[in-house]
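Hello,

Here is the structure I promised to hand over. Please open it first, then read my notes below.

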Amino acid sequence: MNMNLSFEHGKARYGLGEILRPFSESATVKPCVMESGMLPYGRLGLMAAEMEKILLEEKFFLDRHCTIERLARKMTTNRTYVAEAVHRLYGIRFRPMVAILRVEYSKSLMVEMPDVAIEQLMTQSGFLYLSQYGQKFRELNGLTPREWRHMACEAKQKLHENASG
């Protein structure tokens, strides 16, 4: 279980490559961003930079209507180029990438706001349905959102006790 949060105070701490690295389908695809941590040159590098801007800085991944078609329109290209770029850059498909970003974002919210209801965190993270959120969260983390938040709060409390003790 990865306790390193990808988001801090609502802002991405890392680029897409770092956030998605643990979830990459690297057995079948060797993602070029993850090999060196640097963006590639040329059109692919430009697309990566533009995707990071739209998805992370503008938080497009939180939009409930975040689709590859809408992202392609924002990037003034077509969905095929975006789909191929996502797969080549990060070793993952678009929909799973959005789900990962949403789950990672909800984890950061849980740590920042431990008393907020899971349902509220779900909607703030861009999920439409609690069942979908719970299923994706458990698939990616091995725990339910409630279990993960409890574990994170305990870890945060122990860290605080160790620092003050």
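Helix 6 gives the largest share of the lining of the largest pocket, 6 residues. Please keep in mind that this is a predicted model.

**The pocket**

The volume of the largest pocket is about 480 Å³. Its lining counts 21 residues. Nearest the centre of the largest pocket lie Cys66, Phe94, Arg95, Val98 and Arg102.

Which helices each supply at least two residues of that lining? They are helix 4 (68–74), helix 5 (79–90), helix 6 (94–112) and helix 8 (130–141).

The lining is mixed in class: 10 residues are nonpolar, 7 are charged and 4 are polar.

**The chain as a whole**

The protein chain has 165 residues. It holds 2 strands and 9 helices. What pattern does the protein chain follow along the sequence? It reads β-β-α-α-α-α-α-α-α-α-α. So you can find your way quickly: start from the two strands, then step through the helices.

**Burial, contacts and surface**

Of the residues in the protein chain, 42% count as buried. Take the contacts in the protein chain with a separation of 6 or more: 62% of them join residues 24 or more positions apart. The protein chain exposes about 9,400 Å². Carbon and sulfur atoms supply 52% of that area.

If you have time for one view, look at the largest pocket with helix 6 in the frame, where 6 of the lining residues come from.

Best wishes

Note on methods
Residues are numbered from 1 along each chain as its sequence is written. This is a predicted model: local features need pLDDT of at least 70, side-chain atom pairs count only at pLDDT 80 or more; totals for chains, interfaces and linings use all residues. Side-chain values use heavy atoms; hydrogens and water are left out. On a 1 Å grid over the protein atoms alone, a cavity is a set of points where a 1.4 Å probe fits but cannot get out, and a pocket is an open set with protein on both sides within 12 Å along at least five of seven lines; lining residues have an atom within 4 Å of a point. Grid points are joined across faces, edges and corners, and a volume is the space filled by probe spheres set on the points. Helices (H or I, at least four residues) and strands (E, at least two) are DSSP runs, numbered from the N terminus. Ala, Val, Leu, Ile, Met, Phe, Trp, Tyr, Cys and Pro count as nonpolar, Asp, Glu, Lys and Arg as charged, and the others, Gly among them, as polar. Buried means under 20% relative accessible area, exposed over 50%, partly exposed in between (1.4 Å probe, protein chains only). Contact means heavy atoms within 4.5 Å. Accessible areas come from the Shrake-Rupley method with a 1.4 Å probe; for residues, only the protein chains shown count as cover.
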